[in-house]
Structure formats: C-alpha cells, structure tokens
Amino acid sequence: MLFTLKKFVGGLLMPLPFLLIVMGLALILLCFTRWQKSGKTLFALSWLVLLLVSLQPVADRLLLPLEKQYATYQGNDPVDYIVVLGGGYTFNPNWAPSANLFSNSLPRVTEGIRLYHAHPNAKMVFTGGAGPNSQSSARTAAQVAESLGVPAADVIALEQPKDTVEEASAVAGLVGDKPFLLVTSASHLPRAMKFFTAQGLHPIPAPANQLAITTPLHSWERTIPAATYLGHSERAWYETLGLIWQKLTENSPQQIERGNGDI
C-alpha cells in the first residue's frame, strides 16, 4: 500500500501533471471566483515553467549534474556478476521481446549485454518484480537478453524486488561481498549506489541511458519545445525527489534493517 501511494503521489509531482493541476486551479480561479489577478498570475507562471522545462538547454542543464557523476564503464575488473536494475516495462507476448521494455529500460539491458561480452564468465542478473503484468520486469528483461544471444544459463532473474531498496537487498543475498557491475540509468546511478553501498556491497558503477545532450545541435532543436526534453526534465525531477526521499528515510528503522542485509 505504501509503495503504491509513494508511486501515485510521486507521479502527481512530476512536471507535466503538477503543472496541469496548477493550470486547472488557475482556470477555476478565473472562471468561478473573484481572484482574477491570482488566477492570471498562476496560469502564466505555470505555462512559463512548462515552456522552460520543455527546452533542451534548460532540461539538459537540470539533468546533467546527475548523469555526469559516473563515466561510462570501460574497465576490465574481474567480476562474477553484472547486475541490471529493472525499469519501466509492459508484457505482450505477441511483440518483439525488446518492444516490451520502455525507453529507460532497454538501454540498461543493452549496456549490460555489452559488458557481458567483455566479461563472458560473468552472470547477468536482472531485477524487478511484477506490477499489473503477468510477468516480472526481471523476467522480461532476461528474455530480451536471451533473444540477443546471452545464454539462459548465464541469466539470473530476481523477480521479487519492487524498488531500488529491495533490489539492493536481493542482490546482497546473491553476490555477498564480491564486487559486481551495477548497470542502471546514469541519472539513477547516484541514488542506486547509495542504496547498494548501504548494504555493505561493492558495486562498480556502469551507467547507461545517458540523456543530457552536450554535443552540438541545430538551433531549432535548442529553441523549439519538445516532449523529449520535457522527459529529460521529468527524469531530473524524479531523481531529485528520490534523493530527497532517500535522505529523509536513510535512518528510518526499515532502512536500517535493510541496510544490514536483511531480505
């Protein structure tokens, strides 16, 4: 219940739904009250913020500080496990396997496969439980890896964890004190590293799915609002909220218990 509530409230606090709610409130003030000036101001401010966070320079400046904390992994550390954290997915058996992974999930899997080829003796570990779908996120990602040539014998699916805290706990029961590659979205990796090291684990950061653009773009790509860049702002805000929540709950009894490695 707490998990569902957290996701629901967090979803409403994302830029698009939050700003639409504010715009709706502004329209109520304009149409049904005498607070005309307040309604106009509220609507104008929410529209302006929506415009700004949909622009590439603003969106990627918000996201880049999170993504640049860890560089793309190019090392050759001896590892027995490559842990790929779960993300958004659906499951339709009639689709191509990779089509079931959302845009934040598929790059994690492909980066994990790249690292697997560099460490062919390692096992690929996928995490993530089942939501409304009949199949877990971990199993769906594992099927994608197998469809791209990873032997099923080298794939492990941890299908119970619902969030990063539970993923860290489940991985702790598998890898023990051995170092391993931790693959997740670059923006999510700073938060994930804290959860995993709190378990006494030794993750080696391996970011995937970098989004913030630092290379040259056409002028129109920088000046025209786009849903893509709104998504970048959403990613930055989502992880910022996650880091705040992580800080607020890091000393809670539940977090301390999980930090001791209890699954």
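In the predicted model, helix α8 (residues 189–198) is largely enclosed by the rest of the structure, because seven of its ten residues are buried. The buried positions comprise Leu189, Pro190, Arg191, Ala192, Met193, Phe195 and Phe196. Just after α8, Gly200 adopts a positive phi of about 80°.

The protein chain is divided into two domains, with domain 1 covering 1–67 + 224–250 and domain 2 covering 72–208. The C-alpha centres of domain 1 and domain 2 are separated by 29 Å. Eleven residues from domain 1 and ten residues from domain 2 take part in the contact.

In soluble globular proteins, nonpolar side chains tend to be buried together. The largest nonpolar core contains 26 residues, of which Ile82, Val109 and Phe126 touch the most other members. Two or more residues of this core are supplied by each of the strands β1 (81–84), β2 (123–127), β3 (155–158), β4 (180–185) and β5 (203–208), and by each of the helices α5 (106–118) and α6 (137–147). Helix α6 provides the largest share of this core, with five residues. The contacts of Val109 were examined individually. When residues up to four places away in sequence are not counted, Val109 touches Val84, Leu101, Met124, Phe126, Ala141, Val144 and Ala145. One of these partners, Phe126, is itself among the three residues that touch the most other members of the core. A second core, separate from the one described above, consists of 19 residues and includes Val83, Leu85, Val165 and Phe196. Phe196 is also one of the buried residues of α8.

Nonpolar residues are also found on the surface. A nonpolar patch is formed there by Leu5, Phe8, Val9, Leu12, Leu13, Phe18, Ile21 and Trp237, which together have about 730 Å² of accessible area. The elements that contribute two or more residues to the nonpolar patch are α1 (2–12) and α2 (15–32). With four residues, α1 gives the most to the nonpolar patch. An α-helix has 3.6 residues a turn, so residues three or four places apart point the same way. Another member of the patch, Trp237, lies in helix α10 (residues 227–249). Trp237 has a relative accessible area of 37% and is therefore partly exposed.

Definitions and conventions: Residues are numbered from 1 along each chain as its sequence is written. This is a predicted model: local features need pLDDT of at least 70, side-chain atom pairs count only at pLDDT 80 or more; totals for chains, interfaces and linings use all residues. Side-chain values use heavy atoms; hydrogens and water are left out. Patches are made of residues with over 30% relative accessible area and no salt bridge: like charges are joined within 9 Å, nonpolar side chains (Val, Leu, Ile, Met, Phe, Trp, Tyr) within 5 Å. Accessible areas come from the Shrake-Rupley method with a 1.4 Å probe; for residues, only the protein chains shown count as cover. A salt bridge is a side-chain nitrogen of Lys or Arg within 4 Å of a carboxyl oxygen of Asp or Glu. Buried means under 20% relative accessible area, exposed over 50%, partly exposed in between (1.4 Å probe, protein chains only). A nonpolar core is a set of buried Ala, Val, Leu, Ile, Met, Phe, Trp, Tyr and Cys residues joined through side-chain atoms within 4.5 Å. Contact means heavy atoms within 4.5 Å. Domain bounds come from an automatic or database domain assignment.
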